[in-house]
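Q: I have a protein model open on my screen, and I am not sure how to read it. Could you walk me through its features step by step?

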Amino acid sequence: MRTQTGIVGGGPSGLLLAHLLHLEGIDSVVLEARSEEYVIERVRAGVLEQGMVDLMTAIGLGERLRREGLIHHGINISFAGTRHRIDMHELTGRAITVYGQNEVQKDLNQARRATGRPTFHEVEDLTLHDFAGDSPRIRYRHREEDHELACDFIAGCDGFHGVCRPSIPEGSCTAFERTYPYGWLGILAEAAPASEELVYTWTERGFSLFSMRSPTITRLYLQCAPDEDIHRWPDEKIWDELLKRLTTRDGWKPNVGPVLQKGVTGMRSFVVEPMRYGSLFLAGDAAHIVPPTGAKGLNLAAADVYVLSQALAAFYKSGRRDLLDAYSDTCLRRVWRAQRFSWWMTSMLHLSGDENAFDRRRQLAELDYLTSSRAAMTSLAENYVGFPIIG
Ligand code: RFL
Ligand code: PHB
């Protein structure tokens, strides 16, 4: 089999790239290790930057997003028992949209199906070959048969634990990494959101986040150990801890309801440079990870694949290689901005366990400054709503 771009991974990066390429008349094959249902059901991101909403709309995938997405003009930062609203729209003219990654994934799967171009799920033993040059090949097993896909380019969209990044010869890329001494325990609850906007909370007991998915579903997180055993957390204990952390002095607290899903995720900052080796281009979580406190991961993935689609389109239209050569640098500028912001939000709001009383006072002083200075609020708002993707 032959295609122009072989896409490894059918998550948001892979399928969004596939659709962007389709619109440019470029053929692709998507190879995904998991089943379609598994990829859709994974509970992950919830916040789309304005730029990602604009991109989805520009490529004809904005209809359900516009109908069902919840537009938020502000967020709340809570500490010492008080919520402080940051009006991002007033400060930047832009907003965010709450629309689950599951929904984005459904829209992308449907769009891909409508193009008639192939996506293969549950592929196994995928390996990359000859990608230092310009005739790369991908070998894999599908339905108990071995296959080889010849292509012009490979897009490594296979997430942090995928095979593309580790296939790059040692010494050709540099990894920058930081891990954090905490994780997030997240739940999805059948309960109407008690606030119209997100609440990021600092407490002496650790960080907590109030978010949502729809008018009937609340999404909540609490800081926990990075290797926390979810079995130690029956639902009552989770609610007890969430209510302790999130309840504010004015009596606001999240509504309690049946827990639909729960899980623990670790926190990591990671970047590989460059995001390219020969004809292999890494995009999304395959190239970088941010801690979720800045809500940036999915948005960065969208920005990467947009840049890549434009570079591939220029190559196929006029043989230009300059945009392909600039791909990594173009993406890395945004990536490092988001890394800085995600690290900052994370460090400001979590307790690392080895801080002393000074560090806690300093965190509170930072939160006080952030929520009382228009300049500080504008800086947060500008980064949180994100920078344009289509440009
Ligand atoms: P994905 O989603 O991991 O998809 C990669 C796909 O590749 C497949 N794969 C393979 N396929 C073939 N062969 C192989 N050998 C393969 N190995 C892997 C996998 O099965 C998978 O389907 O990466 P992608 O597409 O780059 O998308 C990235 C986003 O999923 C991620 O950045 C976000 O979920 C991060 N994130 C958030 N991002 C935001 O922008 N806003 C948020 O509010 C937000 N909240 C979050 C988050 C991530 C979280 N977790 C679970 C880490 C909240 C959480 C809790
Ligand atoms: C979510 O709704 O899942 C969510 C929101 C904001 C974040 C991270 C996750 O920073």
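A: Happy to help; we will go through the ligands, then the cavities, then the backbone. Keep in mind that this is a predicted model.

Q: Let's begin with ligand 1. How many residues surround ligand 1, and which are the closest?

A: A good start is to list the residues around a ligand. Ligand 1 is surrounded by 32 residues. Ser 13, Glu 32, Gln 101, Asp 285 and Leu 298 are the closest of them.

Q: What kinds of residues, by class, make up the shell around ligand 1?

A: Sorting a shell by class gives a quick summary of its chemistry. Around ligand 1 there are 14 nonpolar, 11 polar and 7 charged residues.

Q: Which helices each supply at least two residues of the shell around ligand 1?

A: Here we go from single residues to the elements they belong to. Two names to look for are α1, residues 12-23, and α9, residues 297-318; each supplies at least two residues of this shell. The element that gives the most is α9, with 3 residues.

Q: Which polar side-chain atoms lie by an oxygen atom of ligand 1?

A: For this, look at distances between pairs of atoms. Glu 32 has a polar side-chain atom 2.6 Å from an oxygen atom of ligand 1. For Arg 44, a polar side-chain atom lies 3.0 Å from an oxygen atom of the ligand. The backbone can take part in such pairs too: an N or O atom in the backbone of Gly 297 is 3.2 Å from an oxygen atom of ligand 1.

Q: How much of ligand 1 does the protein bury?

A: Picture the ligand on its own, then put the protein back around it. Alone, ligand 1 exposes 1,000 Å², and the protein buries 88% of that.

Q: Now for the other ligand. How many residues surround ligand 2, and which are the closest?

A: We can take the same steps again. The residues that surround ligand 2 number 13, and the closest are Tyr 200, Ser 211, Arg 213, Tyr 221 and Pro 292. By class, this shell divides into 8 nonpolar, 2 polar and 3 charged residues.

Q: Which atoms of Tyr 200, Arg 213 and Thr 293 lie by an oxygen atom of ligand 2?

A: Let's take them one at a time. In Tyr 200, a polar side-chain atom lies 2.7 Å from an oxygen atom of ligand 2. In Arg 213, an N or O atom of the side chain is 2.8 Å from an oxygen atom of the ligand. In Thr 293, a backbone N or O atom lies 3.4 Å from an oxygen atom of ligand 2. As for cover, ligand 2 has 280 Å² of accessible area on its own, and the protein covers 96% of it.

Q: Which strands each supply at least two residues of the shell around ligand 2?

A: Look for β15, residues 208-214, and β16, residues 217-224, which each supply at least two. The largest share, 3 residues, is from β15.

Q: Why does ligand 2 lie between domain 1 and domain 2?

A: The way to tell is to ask which domains give residues to the shell. Domain 1 (5-72 + 96-177 + 268-346) and domain 2 (180-267 + 352-385) both do, so ligand 2 lies between them.

Q: What about empty space: how many cavities of 30 Å³ or more are found in the whole structure?

A: Rolling a probe the size of a water molecule over the atoms shows where empty space is left. The search finds 2 cavities of 30 Å³ or more here. The largest has about 80 Å³ of space, and the second largest about 30 Å³.

Q: Which residues line these two cavities?

A: Start with the largest cavity. Its lining includes Glu 49, Lys 296, Arg 334 and Phe 341, and α10 gives the largest share, 4 residues. The second largest cavity is lined by Val 39, Arg 42, Arg 44, Gln 101, Asn 102 and Gln 105. Helix α6, residues 101-115, supplies the largest share of that lining, 3 residues.

Q: Last, the backbone. Which residues does a cis peptide bond join?

A: For this, check the omega angle. Glu 273 and Pro 274 are joined by a cis peptide bond, with omega about -10°. Pro 274 lies in the loop between β17 and β18. You can also check phi: in Ala 80, a residue other than glycine, phi is positive, near 50°. Ala 80 is in the loop between β5 and β6.

Definitions and conventions
Residues numbered from 1 in each chain as written. Chains lettered and ligands numbered in written order. Predicted model: local features only at pLDDT ≥ 70, side-chain atom pairs only at ≥ 80, totals over all residues. Heavy atoms only, no water. Near = heavy atom within 4 Å. Polar contact = N/O pair within 3.5 Å; in protein donor to acceptor, adjacent residues only side chain to side chain. Areas by Shrake-Rupley, 256 points an atom, 1.4 Å probe, with all protein chains shown as cover. Nonpolar A, V, L, I, M, F, W, Y, C, P; charged D, E, K, R; others polar. Domains from an automatic or database assignment. 1 Å grid on protein atoms, 1.4 Å probe; cavity = no way out; pocket = protein on both sides within 12 Å on 5 of 7 lines; lining within 4 Å. Points joined across faces, edges and corners; volume = space filled by probe spheres on them.
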